[in-house]
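Got your viewer open and a hand on the mouse? Here is a short tour that tells you what to select next and what you will find there.

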Amino acid sequence: MLGIETSCDETAAAVVAGGRVLSSVVSSQIRLHRRYRGVVPELASRAHLQKIASVVGRALADAGMDRADAVAFTAGPGLVGSLLVGKVAAETLARLWRCPIIGVNHLEGHIVAAELLPPGGEGAPGRMRYPLLALIVSGGHTDLVLSVRPGRYRVLGRTRDDAAGEAFDKIARMLGLGYPGGPVIDRLAAAGRAEAAPFPRPLLPGSWDFSFSGLKTAVHYRLRDEGTPDRRRVADLCAGLSEAVADTLVRKTADAAKRFRVRGLILGGGVAANAVLRRKFLALEHLGYQVAVPHLSLCTDNGAMIAHAAGRMLALARPSARRALAALPGKGSPRRLRPDPALALRSWR
Ligand code: KG4
Ligand code: ZN
């Protein structure tokens with residue numbers, strides 16, 4: 001399965017077979033957007049257009065292939081112009097190869113990323129236990145999602161304002177740390193003392209929702225009262241922030257896991273790369289859950305998670321859809337495989 005991901009600011013393609021990543025190529029546009037301190041949609045789609053052919057070509061070459069059996073692309077959510085580039089590329093290849101094409105929800109990609117065996121990884125790809133609770137934390141989302149069986153999802157809670165990654169990005173900007181802020185805050189936090197800069201935990205009792213915009217205000221007042229922070233103070237602030245965000249996310253996940261009696265816990269999205277969050281999330285294993293976090297290379301946007309979500313979808317699809325894949329190579333136009341309506345992530349569309 002070839003997976004193409006172009007929903008935001010990474011042009012990505014990967015080849016995945018049975019949960020194993022055979023190749024994964026990510027061309028980041030961070031340098032392009034850095035001077036604007038955020039993603040500029042028009043520049044993003046243009047850059048995707050310039051890069052997509054070489055990124056796909058390299059993913060196929062790295063996997064030692066000149067074609068794939070099926071093509072998956074991110075159908076949404078994301079920037080409309082950027083998504084379109086991936087979709088057209090996938091449709092072109094599906095037409096050329098006369099193979100099935102599958103549209104994938106970006107968030108389902110992040111959910112299943114933790115199951116993937118990275119390139120060169122040893123052992124078998126992961127298999128999650130159900131019911132499953134997924135925490136997706138990225139630049140655009142902070143979602144707590146319950147999955148009672150593969151392919152079925154219910155969003156329990158989401159952010160009411162800033163997503164966790166967005167909060168990191170905005171606070172990093174206030175601290176003059178550049179864009180994207182999440183990785184910088186993560187790196188500096190390792191040298192800081194969280195207890196020297198405590199921040200509130202926005203727990204919103206009685207709801208599964210999150211709210212991280214108050215952290216910006218807290219940082220604003222600290223900077224106003226304390227003046228410009230030196231390097232040590234910045235490190236302490238980063239440590240305090242990482243601790244507060246990770247603690248809030250993990251505590252709510254633990255509460256929901258208990259309430260909905262899940263067996264598996266899975267972490268996904270760009271912020272899943274955060275060291276404090278990974279440590280705290282993995283510690284939930286002590287409560288008896290099966291816990292999975294994605295390989296560091298598969299936390300931020302990539303094509304492998306899209307290919308894997310499509311592969312899983314295909315395994316769950318109706319027999320007629322599976323036969324379409326088995327009948328390859330076929331004639332005529334490509335068969336577009338949509339997820340079974342029952343599997344659609346309606347609340348995310
Ligand atoms: O999943 P992703 O690549 O794109 C979206 O779908 O949004 O996530 C990007 C987000 C950014 O906000 C970035 O600051 C954050 O993930 N991020 C991190 C780390 N690496 C990326 N946040 C905290 N710690 C990190 N190590
Ligand atoms: Zn993402």
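Before the first stop, one definition for helix packing: an axis is a line fitted to C-alpha atoms, for helices over the stretch in contact, and angles run from 0 to 180 degrees between N-to-C directions. Helices (H or I, at least four residues) and strands (E, at least two) are DSSP runs, numbered from the N terminus. This is a predicted model, where local features need pLDDT of at least 70 and side-chain atom pairs count only at pLDDT 80 or more, while totals for chains, interfaces and linings use all residues. Residues are numbered from 1 along each chain as its sequence is written, chains are lettered from A and ligands numbered from 1 in the order in which they are written, and side-chain values use heavy atoms, with hydrogens and water left out.

**Stop 1: α6 and α8**

Select α6 (181-189) and α8 (residues 231-259). What angle do α6 and α8 pack at? It is about 110°, and their axes are 8 Å apart. That makes α6 and α8 roughly perpendicular to each other; the cut-offs are under 35 degrees for roughly parallel, over 145 for roughly antiparallel, 65 to 115 for roughly perpendicular, and oblique for the rest.

Now show side chains. Ile185, Leu188 and Ala189 of α6 make the contact with Val234, Ala235, Cys238, Ala239 and Ser242 of α8 (contact means heavy atoms within 4.5 Å). By class, the contact of α6 with α8 has seven nonpolar residues, one polar and no charged. For these classes, Ala, Val, Leu, Ile, Met, Phe, Trp, Tyr, Cys and Pro count as nonpolar, Asp, Glu, Lys and Arg as charged, and the others, Gly among them, as polar.

**Stop 2: along α8 to α9**

Keep α8 and add α9 (residues 275-282). Their axes come within 9 Å and cross at roughly 30°, so α8 and α9 are roughly parallel to each other. Is the crossing of α8 and α9 left-handed or right-handed? It is right-handed (right-handed if the near helix is turned clockwise from the far one by less than a right angle, left-handed if anticlockwise). On the α8 side you can pick out Ser242, Glu243, Ala246, Asp247, Leu249, Val250 and Thr253, which meet Val276, Leu277, Lys280 and Phe281 in α9. This contact has six nonpolar, two polar and three charged residues.

Just past α8, click arginine 261, in the loop between α8 and β9 (264-268). Its phi is near 50°, a positive value in a residue other than glycine. Arginine 261 is exposed, with a relative accessible area of 71% (buried means under 20%, exposed over 50%, partly exposed in between, using a 1.4 Å probe and protein chains only).

**Stop 3: the loop between α5 and α6**

Which loop holds leucine 175? Look between α5 (164-174) and α6 (181-189). Leucine 175 counts as buried because its relative accessibility is 13%. Not counting residues up to four places away in sequence, leucine 175 touches Val219, Leu223, Pro229, Leu237 and Cys238. Proline 180 is in the loop between α5 and α6 too, and a cis peptide bond joins tyrosine 179 to proline 180, with omega about -10°.

**Stop 4: α2 and α3**

Jump to α2 (residues 41-62) and α3 (residues 80-97), which pack at an angle of about 30° with axes 8 Å apart. The crossing of α2 and α3 is right-handed. Residues in the contact include His48 and Ile52 of α2, and Val85 and Trp97 of α3. The contact of α2 with α3 divides into ten nonpolar, four polar and no charged residues.

Proline 77 sits in the loop between β4 (71-76) and α3. A cis peptide bond joins glycine 76 and proline 77. In the loop between α3 and β5 (101-105), find arginine 98, which is partly exposed, with a relative accessible area of 40%.

**Last stop: the zinc ion**

Select ligand 2. Which residues coordinate the zinc ion? They are His106 (NE2), His110 (NE2) and Asp301 (OD), at 2.0 to 2.1 Å. Donors here are N, O and S atoms within 2.8 Å of the metal (3.2 Å for Na, K and Ca), and water is not among the atoms, so sites may look incomplete. Along the chain, the donors follow the spacing H-x3-H-x190-D. Histidine 106 in helix α4 (residues 106-112) and aspartate 301, in the loop between β10 (290-292) and α10 (303-316), are 195 residues apart. Both histidine 106 and aspartate 301 are buried.
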